[in-house]
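Biologist: I would like a close look at one part of this protein, a buried residue and its polar contacts, and then a walk outward from there to the helices and loops around it. Please take it slowly, as for someone in a first year of study.

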Amino acid sequence: MRLAGRVALVTGAARGIGLACAELFAREGASVLLADIARESGEAQAARLRNEELKAQFAACDVSRKAEVEATVAAAVGHFGRLDILVANAGIVHAAEFLDLEEADFDRVIAVNLKGIFLAGQAAARQMVRQGGGGAIVNMSSVNAVLAIPNQVPYVVSKGGINQLTKVMAISLAAHGIRVNGIGPGTIATELAKQAVLGSEEAKRKILSRTPLGRLGEPSEVASIAAFLVSDDASYLTGQTIYPDGGRLALNYTVPVV
């Protein structure tokens, strides 16, 4: 088990990619704190993992609020004694055309998706520095850090910011033995994707037309990359963003969908 004896915090862990990461980490031997604003589902998932004799706890957390983030890091330490791994995954979307986007909606998405990554990373890194021994952080980005969807303005902006935040965190924390990398998924079969870009069969076909592998990704496939990045297998890797996107970023034309 690659993560035996380590303690991980995963934000946005009540469902989707975050839950897949938390579950895989626990199966790899880690003690995991699932954090999410969705208390009921988050508690249920943590209880399910414990029923499978895995080490998991839950903490309610709005990542846009510094006090809640710091309390969640403290909860991880309180439950398990230390913190070695963070996956900063929590994120939201808001669809609106650029000319129609409200300031409040722009601010809300940036607060969760970008500020929340910063707050979680800073709080986790401070704990890692205090306890010594280094650590590993994964920030959840997107192919839309590089590409753009016209009606997902704050989401696209936030993900672009995450890529630069990942780099500056990696440089700043290297002296402390803390590695920081990012994952930029393409379209993954999650509730968030259904809300953002998979609202109809036509929309799904449009996504697949520019995905060379011809299918959506699965949360477990992203979790496998996260597990690699936080393990010793990636011990010389920092400041990078890996894109599990089915080939989308390499494509400059659409492909037929069968």
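Modeller: A polar contact is a pair of N or O atoms within 3.5 Å, and within protein one of the two must be able to donate a hydrogen while the other accepts it. With that in mind, and remembering that this is a predicted model, we can begin at serine 141, whose side chain is joined to the side chain of asparagine 163 by a polar contact of 2.6 Å. The side chain of serine 141 also reaches the backbone oxygen of lysine 159, at 3.4 Å. Serine 141 sits in the loop between β5, which covers residues 135-140, and α5, and because its relative accessible area is 3%, under the limit of 20%, serine 141 counts as buried. If neighbours within four places in sequence are left aside, the residues in contact with serine 141 are Lys159, Ile162, Asn163, Ile183, Gly184, Pro185 and Thr241.

Helix α5 spans residues 153-173, and its axis comes within 9 Å of the axis of helix α4, residues 103-131, with a crossing angle of roughly 15°. Angles under 35 degrees count as roughly parallel, so α4 and α5 are described as roughly parallel to each other. The crossing of α4 past α5 is right-handed. On the α4 side, the residues that make the contact are Asp105, Phe106, Val109, Ile110, Asn113, Leu114, Ile117, Phe118, Gly121 and Ala125, while α5 contributes Pro154, Tyr155, Val157, Ser158, Lys159, Gly161, Ile162, Leu165, Met169 and Leu173. Sorted by class, this contact between α4 and α5 holds 14 nonpolar, four polar and two charged residues. Two of the α5 residues in that list, Lys159 and Ile162, are also in contact with serine 141.

Helix α4 has another partner, since the axes of α3 and α4 come within 9 Å and cross at roughly 40°, again in a right-handed crossing. Here Lys66, Val69, Glu70, Val73 and Val77 of α3 meet Leu119, Ala120, Ala123, Ala124, Arg126 and Gln127 of α4, and by class the contact has seven nonpolar, one polar and three charged residues.

Two loop residues next to α3 in the chain are worth a pause. Valine 63 lies in the loop between β3, residues 56-60, and α3, and with a relative accessible area of 6% valine 63 is buried. Not counting residues up to four places away in sequence, valine 63 touches Thr11, Val69, Ala90, Val112, Gly116 and Leu119; among these, Val69 and Leu119 also take part in the contact of α3 with α4. Aspartate 84 belongs to the loop between α3, residues 66-80, and β4, residues 85-88, and its relative accessible area of 10% makes aspartate 84 buried as well. A polar atom of the aspartate 84 side chain lies 2.8 Å from the backbone nitrogen of valine 7. With neighbours within four places in sequence left aside, aspartate 84 is in contact with Gly5, Arg6, Val7, Met128, Gln131, Gly135 and Ala136.

Leucine 3, in the segment before β1, residues 7-11, is buried too, at 0% relative accessibility. Leaving out residues up to four places away in sequence, leucine 3 touches Phe25, Glu28, Gly29, Ala30, Ile85, Val230 and Ser231. Of these, Phe25 and Val230 appear again where α1 and α8 meet. The axes of helix α1, residues 16-27, and helix α8, residues 219-230, come within 8 Å and cross at roughly 50°, and that angle makes α1 oblique to α8. This crossing is right-handed. In the contact, Gly16, Ile17, Ala20, Cys21, Leu24 and Phe25 of α1 meet Pro219, Ser220, Val222, Ala223, Ser224, Ala226, Ala227 and Val230 of α8, which by class amounts to eleven nonpolar, three polar and no charged residues.

As a contrast with these buried positions, consider glutamate 53, in the loop between α2, residues 39-51, and β3. At 74% relative accessibility, glutamate 53 counts as exposed. Most residues other than glycine have a negative phi, whereas phi of glutamate 53 is near 65°, a positive value.

Key. Residues are numbered from 1 along each chain as its sequence is written. This is a predicted model: local features need pLDDT of at least 70, side-chain atom pairs count only at pLDDT 80 or more; totals for chains, interfaces and linings use all residues. Side-chain values use heavy atoms; hydrogens and water are left out. Axes are lines fitted to C-alpha atoms, for helices over the stretch in contact, and angles run from 0 to 180 degrees between N-to-C directions. Helices (H or I, at least four residues) and strands (E, at least two) are DSSP runs, numbered from the N terminus. Angles under 35 degrees count as roughly parallel, over 145 as roughly antiparallel, 65 to 115 as roughly perpendicular and the rest as oblique. A crossing is left-handed if the near helix is turned anticlockwise from the far one by less than a right angle, and right-handed if clockwise. Contact means heavy atoms within 4.5 Å. Ala, Val, Leu, Ile, Met, Phe, Trp, Tyr, Cys and Pro count as nonpolar, Asp, Glu, Lys and Arg as charged, and the others, Gly among them, as polar. Buried means under 20% relative accessible area, exposed over 50%, partly exposed in between (1.4 Å probe, protein chains only).
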